[in-house]
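Hello,

The structure you asked about is below, with the sequence. My notes on it follow.

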Amino acid sequence: MQKYETKQRKALIKLFAENAHKSFSVKDIAAAPGMNGVSVSAIYRNLSDLQDEGKVQRVTPSGSKKVYYRYTGAKNCERHLHMSCSKCGKTFHMDVPATDLLISEVLSESDFKVDSASTLLLGTCSKCRK
Ligand SMILES: [Zn+2]
Ligand SMILES: [Zn+2]
């Protein structure tokens, strides 16, 4: 299948890039300004392309049936860990030194090499803990 930058795809990438800290459900995406007139099926199709390209990751908080998508195409995102709040779906980007420290700790403790690009830590953000 030929890949080309459709208008919908551009709008979707723009939405993700401008909200790199956020996770979106398909419903959120459809309701976002700038996504006017983009059908839900077009959103699903583009999301699955972006997932294949490693630009978007699918997130399912534990104990939830909801599915969120978050942007991983931003610079450095393959070099650090991500944390996701199971309650609100917000994504946090751990900084690179903290990621390296954690990964080297795990490696020295258990001889286990963590794949930082595809690891997602689940938890609860400060807002949702209140
Ligand atoms: Zn990141
Ligand atoms: Zn939260």
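Cys88 is partly exposed, at a relative accessible area of 37%. Please keep in mind that this is a predicted model, and that the values here are computed from it.

Cys88 is one of the protein donors of the zinc ion (ligand 2); the others are Cys85, Cys125 and Cys128, each through its SG atom, at 2.3 to 2.4 Å from the ion. The angles that the four donor atoms subtend around the zinc ion (ligand 2) run from 104 to 116°, so the arrangement is tetrahedral. For reference, the ideal angle for four tetrahedral donors is 109.5 degrees.

Along the sequence, the spacing of the donor residues reads C-x2-C-x36-C-x2-C. The pair Cys88 and Cys125 links distant parts of the chain, 37 residues apart. Cys88 sits in the loop between β4 (82-85) and β5 (91-93), and Cys125 in the loop between β6 (120-123) and α5 (126-129).

Accessibility varies among these donors. Cys125 is buried, with a relative accessible area of 8%, whereas Cys128 is partly exposed at 25%.

How many disulfides does the model contain? The count is zero, with a disulfide taken as a pair of cysteine sulfur atoms within 2.5 Å.

Away from the zinc site, I also looked at Ser64. Ser64 is in the loop between β2 (56-59) and β3 (68-71) and counts as partly exposed, with 24% relative accessibility. Between the C-alpha atoms of Ser64 and Arg79 there are 28 Å, and the two residues are 15 residues apart along the chain.

Regards

Definitions and conventions. Residues numbered from 1 in each chain as written. Chains lettered and ligands numbered in written order. Predicted model: local features only at pLDDT ≥ 70, side-chain atom pairs only at ≥ 80, totals over all residues. Heavy atoms only, no water. Buried < 20%, exposed > 50% of the residue type's maximum accessible area, 1.4 Å probe, protein only. Donors = N, O, S within 2.8 Å, 3.2 Å for Na, K, Ca; no water. Tetrahedral: all angles 85-135°; square planar, octahedral: opposite > 155°, others 65-115°. Helix = DSSP H or I, 4+ residues; strand = E, 2+ residues; numbered from the N terminus.
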